[in-house]
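Open the model in your viewer and keep the selection panel at hand. The stops below say what to select and what to look for there.

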Amino acid sequence: MDFNIKVYETFNLFGREFWITTTVINTWIVGIFLIAFALFTRMALKNFQNVPKGFQNFVEAIVEAMDNFVTSTMDEKYSSYGGWFFGIMVFILVSNLSGLVGLRPPTADIATTFALAFMTFFLIHFLGIKKGKGEYFKGYLEPLPAFLPLNIIGELAIPISLSFRLFGNMLGGLIIMSMVYELFPIYLKIGLPAVLHGYFDVFSGSLQSFIFVVLSMTFIRSKLPD
């Protein structure tokens with residue numbers, strides 16, 4: 001599960017040992033890239049135009065698509081959460097695509113995917129309690145009070161399934177690509193890796209980021225009142 005992860009530095013903080021690993025460094029790289037792109041976008045849109053064109057048109061199209069996606073999945077009154085889901089989707093997507101530039105995708109580490117899944121898990125129950133109130137707790141006793149333990153187990157399974165789905169797909173692609181580069185003869189390393197990167201990093205990476213967000217929205221929506 002820690003395939004190809006290196007520990008670069010260790011340090012103690014509050015009596016506990018922390019590691020600076022490949023995943024941590026690559027997550028910083030992804031984060032710096034996203035922050036830099038956000039600042040670039042902010043500067044590029046400084047002179048806002050009523051009739052969008054060029055880069056502004058591209059940005060507005062993405063934002064509008066995400067708003068429509070959140071509205072159709074969760075309901076219009078919860079469209080304000082579009083920014084959160086957009087951020088999660090972009091982070092996962094860029095992390096998945098980072099393999100194209102030789103980085104080990106942070107999402108190929110269970111620690112990263114579980115952290116993302118746990119944030120969704122927290123949001124599910126926070127919004128469920130905030131919006132649903134008594135109805136939220138009543139749902140654990142349906143269809144009969146005897147189903148309470150099973151309902152609790154089902155809720156605990158959500159972050160596990162979310163994290164392992166993303167982690168398994170990205171780690172599987174990473175292992176296959178590493179085998180191709182290490183075991184195949186030189187003449188197969190010219191065109192074959194490009195095709196495999198196109199599938200595992202671009203297609204599968206984009207699909208998994210979309211699936212993660214869709215499932216997160218669906219789980220959250222199931223806890224919200226109509």
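Select helices α2 (55-74) and α7 (192-223). In this predicted model, their axes come within 9 Å and cross at roughly 40 degrees. An angle under 35 degrees would count as roughly parallel and 65 to 115 as roughly perpendicular, so α2 and α7 are oblique to each other. The crossing of α2 past α7 is right-handed. To see the contact, show the side chains of M66, F69, V70, T73 and M74 on α2, and of F210, V213, V214, M217, I220 and R221 on α7.

Keep M74, V213, M217 and I220 displayed, and add F85 and F212. These six touch the most other members of the largest nonpolar core, which has 32 residues. Which helices supply at least two residues each of this core? They are α2, α3 (82-97), α4 (110-132), α6 (148-183) and α7. The most comes from α6, with seven residues. In soluble globular proteins, nonpolar side chains tend to be buried together.

Now centre the view on F212. Leaving aside neighbours within four places in sequence, F212 is in contact with I88, I92, L116, A117, T120, L162 and L166.

Next, select α1 (residues 22-44) together with α3. Here the axes come within 10 Å and cross at roughly 120 degrees. Since 65 to 115 degrees counts as roughly perpendicular and over 145 as roughly antiparallel, α1 and α3 are therefore oblique to each other. The crossing of α1 past α3 is right-handed. From α1, the residues making the contact are T27, V30, F33 and L34, and from α3 they are V90, F91, V94 and S95.

Move on to the loop between α3 and α4 and pick S98. Is S98 buried or exposed? Its relative accessibility is 6%, and buried means under 20%, so S98 counts as buried. Not counting residues up to four places away in sequence, S98 touches L103, R104, P105 and P106.

For the last stop, select strands β1 (residues 7-13) and β2 (residues 16-21). The two strands run antiparallel and are joined by six bridges. One pair to display is L13 with R16, its bridge partner in β2. The strands form a hairpin with two residues between them. In the turn, look at F14, which has a positive phi of about 55 degrees.

Methods:
Residues numbered from 1 in each chain as written. Predicted model: local features only at pLDDT ≥ 70, side-chain atom pairs only at ≥ 80, totals over all residues. Heavy atoms only, no water. Core = buried A, V, L, I, M, F, W, Y, C linked by side-chain atoms within 4.5 Å. Buried < 20%, exposed > 50% of the residue type's maximum accessible area, 1.4 Å probe, protein only. Helix = DSSP H or I, 4+ residues; strand = E, 2+ residues; numbered from the N terminus. Contact = heavy atoms within 4.5 Å. Pairing = 2+ DSSP bridges. Axes fitted to C-alpha atoms, helices over the stretch in contact; angles between N-to-C directions. Left-handed = near helix turned anticlockwise from the far one by under 90°.
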